[in-house]
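Please read the points below slowly, with the model open beside them. They are meant for someone who is still learning how strands and helices are described.

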Amino acid sequence: MKSGYIGAAVNRVDGYLKVRGEAKYAAEYQAEQLCYGVVVSSSIAKGKIKTLDASKALALDGVLQVFSHENRTSLPWFDRSYKDEDQPPGSPFRPFYSNEIQFNMQPIALVVAESFELARYAATLIDVEYKAVDFNADFLNSQEKAYEAKKGKSGWKPPKSRGNASKALKHADVLVEATYFHPAEHHNPLELHASTVVVEADDTFTVYDKTQGVFNSQQYLMNIFGLSKAEVHVKAPYIGGAFGSGLRPQYQLFMAFMAAKALKRSVRVVLTRQQMFSFGHRPMTTQQLSLAASSKGKLVGIKHEAIAETSQFEEYTENVVNWSGMLYDCPDVDLSYKLLKLDTYTPLDMRAPGGATGVYAFEAAIDELACKAGVDPLQFRLLNYAEQEQNEKLPFSSKELKACYAIAADKFGWARRNPIPGQLREGDNLLGVGMATGVWEAQQQQVMAKAKLSPDGQLVVSCGTADIGTGTYTVMSQIAAETLGLPIEDVSFLLGDSDLPMAPLQGGSWTASSVGPAVLSVCEGLKEKLLKEAAGLPHSGFKGAKVEEVLFKDGMLCLKGDPSVQLSIAALMKQRNLAILEHQTASMPDPKQSQYGKYTHSAVFVEVKVDAELGNVQVSRVVVAVAAGRILNPKTARSQVLGGVVWGISMALEEESVMDKQYGRFINHDLAEYHVAVNADVHDIEVIFVEEEDDVINPLGVKGLGEIGIVGVPAAISNAIYNATGKRLRALPFTLDKLL
Ligand code: MOS
């Protein structure tokens, strides 16, 4: 097989393992004498535990221990601050720290038994007496308590205002003022959060954890338990979805590890679906927008103020309003972002955190403004197109958004749109179309990778990154196979193991754009080494040849200028007596990147059918064009964007974690009552990748695709609902009651 893997629609290299059930997840690892932990959750939102009586549970034969604040061991963690890679400013939640309750469903005990069933039963026998105190979980009725966020979590940029928006708004021809809301939402990956902690014969620990970053979990355990790197190994070779829920170590990791260490036995803890609603979520946010335009549709003023929830103990921030400053050409912009502390758990990054929500409100408001000005919404966006990144006034490393608009509009048939709402009917349904822009950051992180070539031509490339379903295994194998000119069947890529070279969390859409360049670089390094070995052979025609003069193809090295000079890797390694040839390298962003705005863009066009009498909405058609630099694999890339669009539909029509203000608990905490889009909600979705060259972003020209797919979709749906019905819905999700 010849090279040419990069850009090819290669099937997932881990596909067979997954469909055959051979890919093992964190809760599927076995160990000798494995025991099982079940978490007991608090039933109050705030207060103290007066008594925790575990005697009935402990009396059962086979119950090994009940861990709680009363008998926890003293740990380094409890005495000093600790860090995780996705930690917001504040004081992280520490399970079993004391008898204090900070949020409803706070884990208060872990019951460990010989069998899962016994542990689950024993957990029901724990008697807890609380002293409950008043709390506040009422976001909408305490907005006056919001305060300006000063510090943020890493990656958060305080919004930058410019010009004088108030003045521009006062004198504008066309003005739109509207308030938007989205509820809390939960990630709900299929795989529940789970940790299996295996105690090895040499007293070290192997931890199978559901995480987006094995090094993050490893460091977390090392800090808490005062262990060295050699004592704790974390593995997560397969992840059943995470979407941000695995960015921070979740409490089952701590609990399973504490139990295993204390009992000197392997322990597994799996959270229940209900408990999956007891940690981070997309934060409820209210957004107030005032937009002004000239009568011809030129944006003249933007005011965007957001208030988002956080917990009492951490200040979770996300870039919600910043997009409104960067996306269009507008002289006067006023942005503000505030936090409101509630007695709940800290929110957590969820696919396109801040972007999925901020761009939703902004792009819906832009549609309101365009319609009010009597300008076609697509035309409006072209009229205000930003040739420069507007917040920092930087050139874009690349931006093919115009091509996205043109290609998607054409495929969709946008020209046939009827600008007057409520005109089109098909049977019981009102038909409408809408569009929106999507945007997300393109980032690169520092990553290390290692490559090992054996004499039979098998290449193993490794890096401790993750594959949460995104296709990391596949695209990295493609890059390695193409770079070294090997058949992809001879390449393995290893990830999800803290013994492998260092990589950051898989998140922020940066894996392809960070690990990809590291894989490229380590394979190029290996090429140099191979050539050096070849040049060292007696009578070698490769003497003095430079690497760019040599073709690596089909497991052979061959001089481009004289194809008769060739040598197979196997022969070379044999003649040089090499058992293994290896190389390790780090790749990091080029400093010149900081002089550019680096983003992926999309144009989303949507058709909806709204039942005129019943109010239910169907998203009958979506065309989305994405500009995300070079596409490594159109098949896995399409899946990423499809998944994002489906989630956008879900966010627009279904998802809402309902806070019971009386109990401070998310009340619909299961998949029966927390609605997500299912097959019946998903119709025609067309994904188009627009060509985009970028030689700034990284040596591969790859921007990353994990998050752009969802951004813009809810706004396009809301805009299409307006076109269908003449109604502006401004609170997600757009359930039928809001349309009646
Ligand atoms: Mo993503 S929300 O950065 O896992």
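The numbered points below take up selected strands, helices and one loop residue in turn.

1. Before anything else, please keep in mind that this is a predicted model, and that the remarks below describe that model.

2. I would begin with strand β15, which covers residues 332-342 and has eight buried residues out of 11, so that the strand is largely enclosed by the rest of the structure. Strand β14, at residues 299-311, pairs with β15 in the parallel sense, and 11 bridges join the two. Two of these partnerships can be looked up residue by residue: Lys303 has Asp334 of β15 as its bridge partner, while Glu309 has Leu340 of β15.

3. Strand β15 also pairs with strand β7, a short entry at residues 147-148, and here the two strands run antiparallel and are joined by two bridges. If you wish to find this pairing in the model, look for Glu148, whose bridge partner in β15 is Lys338.

4. Is β14 mostly covered or mostly open? It is mostly covered, since 12 of its 13 residues are buried. Besides its pairing with β15, strand β14 is joined by nine bridges to strand β13, residues 285-293, and this pairing is antiparallel. Within it, Gln287 has Ala306 of β14 as its bridge partner. The hairpin formed by β13 and β14 has five residues between the strands, and in this hairpin Gly297 takes a positive phi near 100°.

5. A separate point concerns an open sheet of three strands, arranged in the order β4-β2-β6 and paired in the antiparallel sense. Its edge strands are β4, at 100-101, and β6, at 127-132, each of which pairs on one side only. Strand β2, residues 47-53, is antiparallel to β6 and shares six bridges with it, and in this pairing Ile49 stands opposite Tyr130 of β6.

6. Lys46 deserves a paragraph of its own, and you will find it in the loop between β1, at 35-41, and β2. Is Lys46 buried or exposed? It counts as buried, because it has 23 C-beta neighbours inside 10 Å, and the cut-off for that word is 20 or more. Leaving aside neighbours within four places in sequence, Lys46 is in contact with Ile101, Gln102, Ala132, Val133, Phe135 and Asp343. Of these, Val133 is a useful example of how the chain brings separated positions together, as Lys46 and Val133 are 87 residues apart in sequence while their C-alpha atoms are 5.8 Å apart in space.

7. Turning to helix packing, helix α6 (residues 214-225) and helix α7 (residues 251-263) have axes that come within 11 Å of each other and cross at roughly 50°. That angle makes α6 oblique to α7, and the crossing is right-handed. On the α6 side the contact is made by Ser217, Leu221, Ile224 and Phe225, and on the α7 side by Leu253, Phe254, Phe257 and Lys261. Sorted by class, this contact has six nonpolar residues, one polar and one charged.

8. Helix α12 (residues 472-484) and helix α13 (residues 511-535) give a second example, with axes 9 Å apart and an angle of about 30°. These two helices are therefore roughly parallel to each other, and their crossing is right-handed. The contact includes Val475, Met476 and Ile479 of α12 together with Val515, Val519 and Leu520 of α13. By class, the contact of α12 with α13 has 11 nonpolar, four polar and two charged residues.

9. Finally, there is an open sheet of five strands with mixed pairing, in the order β18-β19-β27-β28-β31. Strands β18 (424-426) and β31 (684-689) stand at its edges with a single partner each, so one side of each is left without a neighbour in the sheet. On average, and with direction ignored, neighbouring strands of this sheet are turned by 25° against each other. Three bridges join β18 to the antiparallel strand β19, residues 429-441, and Glu426 stands opposite Asn429 in β19.

10. Two helices pack on this five-stranded sheet. Helix α11 (residues 401-412) touches β19, β27, β28 and β31, and its direction makes about 140° with that of β28. Helix α16 (residues 713-725) touches β19, β27 and β28, and its direction makes about 155° with that of β19.

How values were computed. Residues numbered from 1 in each chain as written. Predicted model: local features only at pLDDT ≥ 70, side-chain atom pairs only at ≥ 80, totals over all residues. Helix = DSSP H or I, 4+ residues; strand = E, 2+ residues; numbered from the N terminus. Pairing = 2+ DSSP bridges. Axes fitted to C-alpha atoms, helices over the stretch in contact; angles between N-to-C directions. Parallel < 35°, antiparallel > 145°, perpendicular 65-115°, else oblique. Left-handed = near helix turned anticlockwise from the far one by under 90°. Contact = placed C-beta atoms within 7 Å. Nonpolar A, V, L, I, M, F, W, Y, C, P; charged D, E, K, R; others polar.
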